[in-house]
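Visitor: I'm new to reading protein structures. Could you walk me through this one?
Guide: Sure, let's put it on screen and take it feature by feature.

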Amino acid sequence: MGIGRAAAVVQPPGDAPAIILLDPRITDRSEETDEQYEGCLSFFDVRGLVPRSLKITVETTALTGETVTTEYARGLARLIHHEIDHLLSGAAALARSV
């Protein structure tokens, strides 16, 4: 798009509102991890065990330009981290982990 920004919209399970991630950056992560199977729409039919922190703290830019810091835990932390991986490393990096 020619814009030096990263953006993703994450729809959590259930009725929770979508999470908008603008220029997200993981600023902290728990030492406690778990390993779960992950798949990816970019690599249909490919799944693998991926270790992830049980809690992550993410800094994003709000639509108003302010910095927002949010902590995510467990499944939502895994989902957010997966999408940040896409933004920061591209799909090729995910292919190595799944």
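Visitor: Which residues does Arg78 touch, not counting residues up to four places away in sequence?
Guide: Keep in mind that this is a predicted model. Leaving out those sequence neighbours, Arg78 touches Asp34, Glu35, Gln36, Glu38, Val50 and Arg52. With Glu38 there is also a side-chain link, a polar contact of 2.6 Å.

Visitor: Is Arg78 buried or exposed?
Guide: Buried means under 20% relative accessible area. Arg78 has 11%, so this residue of helix H1 counts as buried. For a contrast, look at Gly4, in the segment before strand S1 (7-10). Gly4 has 72% relative accessibility, so Gly4 counts as exposed.

Visitor: And how do I read a sheet? In what order do the strands come?
Guide: The general idea is that strands of a sheet pair through backbone hydrogen bonds, either parallel or antiparallel. Here, 3 strands make an open sheet, ordered S3-S6-S7, with antiparallel pairing. Strand S3 (25-29) and strand S7 (67-73) are the edges, each pairing on one side only. From one strand to the next, the twist averages 25 degrees.

Visitor: What packs on the sheet?
Guide: That's helix H1 (residues 74-89), which touches S3, S6 and S7. The direction of H1 makes about 125 degrees with that of S7.

Visitor: Over how many bridges do S3 and S6 pair?
Guide: S3 pairs with strand S6 (residues 55-61) over 4 bridges, in the antiparallel sense. If you want a pair to find on screen, Asp28 has Thr57 in S6 as its bridge partner.

How values were computed: Residues numbered from 1 in each chain as written. Predicted model: local features only at pLDDT ≥ 70, side-chain atom pairs only at ≥ 80, totals over all residues. Heavy atoms only, no water. Helix = DSSP H or I, 4+ residues; strand = E, 2+ residues; numbered from the N terminus. Buried < 20%, exposed > 50% of the residue type's maximum accessible area, 1.4 Å probe, protein only. Pairing = 2+ DSSP bridges. Axes fitted to C-alpha atoms, helices over the stretch in contact; angles between N-to-C directions. Contact = heavy atoms within 4.5 Å. Polar contact = N/O pair within 3.5 Å; in protein donor to acceptor, adjacent residues only side chain to side chain.
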